Amino acid sequence: MKQWLFTLFAVSVFLSQASTAWACSCIMPRLPSEELANANAVFTGKVIVQKTKQGLTFSSTDPVEVSFVVSQVWKGDIPTEVIITTARDSASCGYTFEDGEEYLVYANGEIDALNVSLCSRTAVLANAEADVRELGSGTTPDKRVELEDDSLFLPIAISLGIIFGSIALYYHHEKRRPMNS
């Protein structure tokens, strides 16, 4: 009897210490025409750059900004270049994009804040031939936009700060040094 109570106590302590774990769970994807109707934007494009926006702690939900050069549009006022976001990890329903690869993207959200989920029909373009066939011919984006690449801004700003700071310290030190006669 004591062993049974001890086992019950041990199991209850173990279960009370368990943390909640969430994983991505998707329903069966709908047909391309249904996904087109539900999405705010549908386009094909080539990934040109990705940036992870990590918070104070490392999380699978940290957003990744993915920049595309857009080639065809089926839905949405999509410019020639666009940024979408997705969660960093597939456990949080984030879609994993590869630089230089072309994709058929089904995105939701506002045009200036599009989001892609692992649960959408987003796919490598080479694997999305059936979708493209069903969607028909898209249009070429006519709103010309070139995204700024600010990836060098911070290192350049830091370098210039160090250079100007060093010059200021040098002159300050020279000004305070006594002159030898």
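Mentor: A disulfide is a pair of cysteine sulfur atoms within 2.5 Å. The structure is a predicted model, in which local features need pLDDT of at least 70 and side-chain atom pairs count only at pLDDT 80 or more, while totals for chains, interfaces and linings use all residues. Residues are numbered from 1 along each chain as its sequence is written, and side-chain values use heavy atoms, with hydrogens and water left out.

Trainee: What makes cysteine 24 and cysteine 93 a disulfide?

Mentor: Their sulfur atoms are 2.0 Å apart, which is within the limit of 2.5 Å, so the pair is called a disulfide. The torsion about the S-S bond is 105°, and the link of cysteine 24 and cysteine 93 is right-handed.

Trainee: Which parts of the chain does this pair tie together?

Mentor: Cysteine 24 sits in the loop between helix H1 (2–17) and helix H2 (32–38), and cysteine 93 in the loop between E3 and strand E4 (102–107), so the bond ties together parts 69 residues apart in sequence. Here helices (H or I, at least four residues) and strands (E, at least two) are DSSP runs, numbered from the N terminus.

Trainee: How many disulfides does the structure hold, and what pattern do they follow?

Mentor: There are 2 disulfides, and their pattern is 1-3, 2-4 when bonded cysteines are counted along the chain. Cysteine 26 and cysteine 119 also form a disulfide, with their sulfur atoms 1.9 Å apart. This pair, too, links distant parts of the chain, 93 residues apart: cysteine 26 lies in the loop between H1 and H2, and cysteine 119 in the loop between E5 and E6.

Trainee: Why is the disulfide of cysteine 26 and cysteine 119 called left-handed or right-handed?

Mentor: The torsion about its S-S bond is about -70°, so the disulfide of cysteine 26 and cysteine 119 is left-handed.

Trainee: How do you know whether cysteine 26 and cysteine 119 are buried or exposed?

Mentor: Buried means under 20% relative accessible area, exposed over 50%, and partly exposed in between (1.4 Å probe, protein chains only). Cysteine 26 has 37% and is therefore partly exposed; cysteine 119, with 26%, is partly exposed as well. In E3, by contrast, 5 of its 7 residues are buried, and the strand is mostly covered.

Trainee: What makes strand E1 and strand E2 a pair?

Mentor: Two strands pair if DSSP finds at least two bridges between them. E1 (residues 41–52) and E2 (residues 63–75) have 10 bridges and run antiparallel, so they pair by that rule. In this ladder, phenylalanine 43 has valine 73 as its bridge partner, and glycine 45 stands opposite valine 70.

Trainee: How do you know that E3 pairs with E2 and with E5?

Mentor: E2 and E3 (residues 81–87) are joined by 7 bridges in the antiparallel sense; among the partners are proline 63 with alanine 87 and valine 66 with isoleucine 84. Their hairpin has 5 residues between the strands, and glycine 76 there takes a positive phi near 100°. E3 and E5 run parallel and have 2 bridges, which meets the requirement of at least two, so they pair. Isoleucine 84 stands opposite leucine 114 in E5.

Trainee: Why is the pairing of the sheet called mixed, and in what order do its strands lie?

Mentor: The 6 strands form an open sheet in the order E5-E3-E2-E1-E4-E6, with mixed pairing. Both senses have appeared above: E1 with E2 is antiparallel, whereas E3 with E5 is parallel.

Trainee: What makes E5 and E6 edge strands?

Mentor: Strand E5 (114–115) and strand E6 (123–124) each pair on one side only.
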